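Trainee: Could we go through this structure together, one question at a time, with each term explained as we meet it?

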Amino acid sequence: MASRFLLLTFIFIATCAQEDVDETMEAFSGYPDPSHEIHQIPSFTVDSLNLQKQIDEVASFSDSPPPSVTRILYSHNDVVARRLSASTFIKNLMGLAGLFVREDAVGNIFGRWEGSEPDVPAVSTGSHIDAIPYSGKYDGVVGVLGAIEAINVLKRSGFKPKRSLEVIMFTSEEPTRYGISCLGSRLLAGSVSLAKALMQTVDNANISFLDVAKSVGYAENEEFSNVFLDEKSYSAFVELHIEQGPILENQGISIGIVTAIAAPASIKVDFGGNGGHAGAVLMPQRNDAGLAAAELALAVEKHVLESGSIDTVGTVGNPVFCILEVHPGAINSIPSKSHIEIGISPKLFVKEMP
Ligand SMILES: [Zn+2]
């Protein structure tokens with residue numbers, strides 16, 4: 001599925017490139033003027049073999065065995081995939097593409113191709129490389145490496161942009177470690193509450209976000225508000241992303257355009273009940289914290305199914321104990337405490353495509 005996706009996305013049909021002439025993407029492609037004079041129509045395709053090799057190499061930086069990929073935020077493999085590997089690291093590929101590379105305090109990585117009008121808001125594209133436990137190798141990665149290769153294609157074709165083009169690798173799109181999704185992009189958008197919260201945030205092993213960010217070379221000034229970008233930084237953003245579900249594949253459709261935005265949120269819930277010996281405390285007298293959490297899990301499913309939105313999803317999980325964390329966690333002891341984590345992605349709006 002991924003290869004079809006890539007090939008169809010990155011076939012560029014362009015007008016004859018003229019040396020030393022800055023072009024808009026519209027003029028370059030011939031869109032939207034149907035009478036655009038076409039002297040020659042070279043077709044540009046990605047170096048798909050090399051791109052696949054890069055994707056495979058990034059997939060090797062994983063905490064789980066192939067073909068799965070597990071790459072958790074700021075883990076050794078995450079850091080290696082970003083910048084330590086000799087041949088595949090993201091910053092190096094951006095540099096080889098001739099981009100001006102910078103990293104911010106949270107590890108968002110930017111590769112910029114300066115346009116002839118650098119003060120005009122840029123056009124940006126990119127994705128993430130952190131990977132949920134046992135994910136596939138294309139999730140996020142195809143949007144980062146694909147974007148860099150798209151820049152390479154444009155350069156090979158002789159395109160010279162007026163607007164700057166920028167590739168972004170966002171830090172922690174996935175909420176796996178700290179329960180916060182789109183962490184890097186939310187900071188770029190200027191989330192003051194997130195910048196403050198990150199000073200106190202810890203993972204399930206009680207490792208603070210700030211400490212681990214510092215340990216891998218970020219958060220030098222021990223703050224994150226310096227990640228915020230001016231709202232006029234970009235005029236447009238587009239992300240290439242593999243389909244993570246079976247809908248397009250089942251329908252034999254090679255590529256889709258996103259028309260709705262999900263608003264992922266996570267909730268952590270702790271229950272307190274009364275413990276006791278499982279063989280002696282009868283059911284009517286129990287206050288079972290484990291079952292309370294189980295009932296909440298089922299209520300999440302019921303609520304989502306009844307929401308009327310086919311795109312709204314709810315998931316219950318726990319990074320350590322799979323579904324529920326119960327204390328003391330024995331078959332002969334009534335749980336006195338339980339912990340459950342809920343992820344919700346409601347559909348926010350749908351915009352009709354022209
Ligand atoms: Zn993704």
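Trainee: Which residue is the bridge partner of Val101 in S5?

Mentor: Before answering, note that this is a predicted model, in which local features need pLDDT of at least 70, side-chain atom pairs count only at pLDDT 80 or more, and totals for chains, interfaces and linings use all residues. Residues are numbered from 1 along each chain as its sequence is written. Strands (E, at least two residues) and helices (H or I, at least four) are DSSP runs numbered from the N terminus, and two strands pair if DSSP finds at least two bridges between them. S4 and S5 pair in the antiparallel sense over 4 bridges, and within S5 the partner of Val101 is Gly111.

Trainee: Which residue in the hairpin of S4 and S5 takes a positive phi?

Mentor: In S5, Arg112 stands opposite Phe100, which gives another facing pair of residues. This hairpin has 5 residues between the strands, and the one with a positive phi, near 100 degrees, is Gly107.

Trainee: What is the order of the strands in the open sheet?

Mentor: Strands of a sheet pair through backbone hydrogen bonds, either parallel or antiparallel. Here S5 and S8 pair in the antiparallel sense over 5 bridges, whereas S6 (residues 122–128) and S8 (residues 165–170) run parallel and are joined by 6 bridges. The open sheet has 5 strands with mixed pairing, in the order S4-S5-S8-S6-S9.

Trainee: Which strands of this sheet pair on one side only?

Mentor: A strand that pairs on one side only is an edge strand here. The two edge strands are S4 (100–103) and S9 (234–238).

Trainee: Why is S5 described as largely enclosed by the rest of the structure?

Mentor: A residue is buried if 20 or more other C-beta atoms, placed from the backbone, lie within 10 Å of its own, exposed if 12 or fewer do, and partly exposed in between. For the protein as a whole, buried residues make up 31% of the 354 residues. S5 is largely enclosed because the number of its 5 residues that are buried is 4.

Trainee: Which element gives the most residues to the largest nonpolar core?

Mentor: A nonpolar core is a set of buried Ala, Val, Leu, Ile, Met, Phe, Trp, Tyr and Cys residues joined through C-beta atoms within 7 Å. The largest one has 34 residues, of which Ile90, Val144, Ile148 and Ile151 touch the most other members. Two or more residues come from each of H3, H5 (90–96), S5, H6 and S8. With 9 residues, the element that gives the most is H6.

Trainee: Which residue in S8 does Thr125 stand opposite, and which is the bridge partner of Phe110 there?

Mentor: Both pairs involve S8, so we can take them one after the other. Thr125 stands opposite Val167 in S8. For Phe110, the bridge partner in S8 is Ile168.

Trainee: Where in H3 are Leu51, Gln54, Val58 and Ala59 placed around the axis?

Mentor: H3 (residues 48–59) has 12 residues and reaches 16 Å from its first C-alpha to its last, close to the 16 Å expected at 1.5 Å a residue, where the expected span is 1.5 Å times one less than the number of residues. In this helix Leu51, Gln54, Val58 and Ala59 are buried. The directions from the helix axis to their C-beta atoms cover an arc of only 140 degrees, which puts them on the same side of H3.
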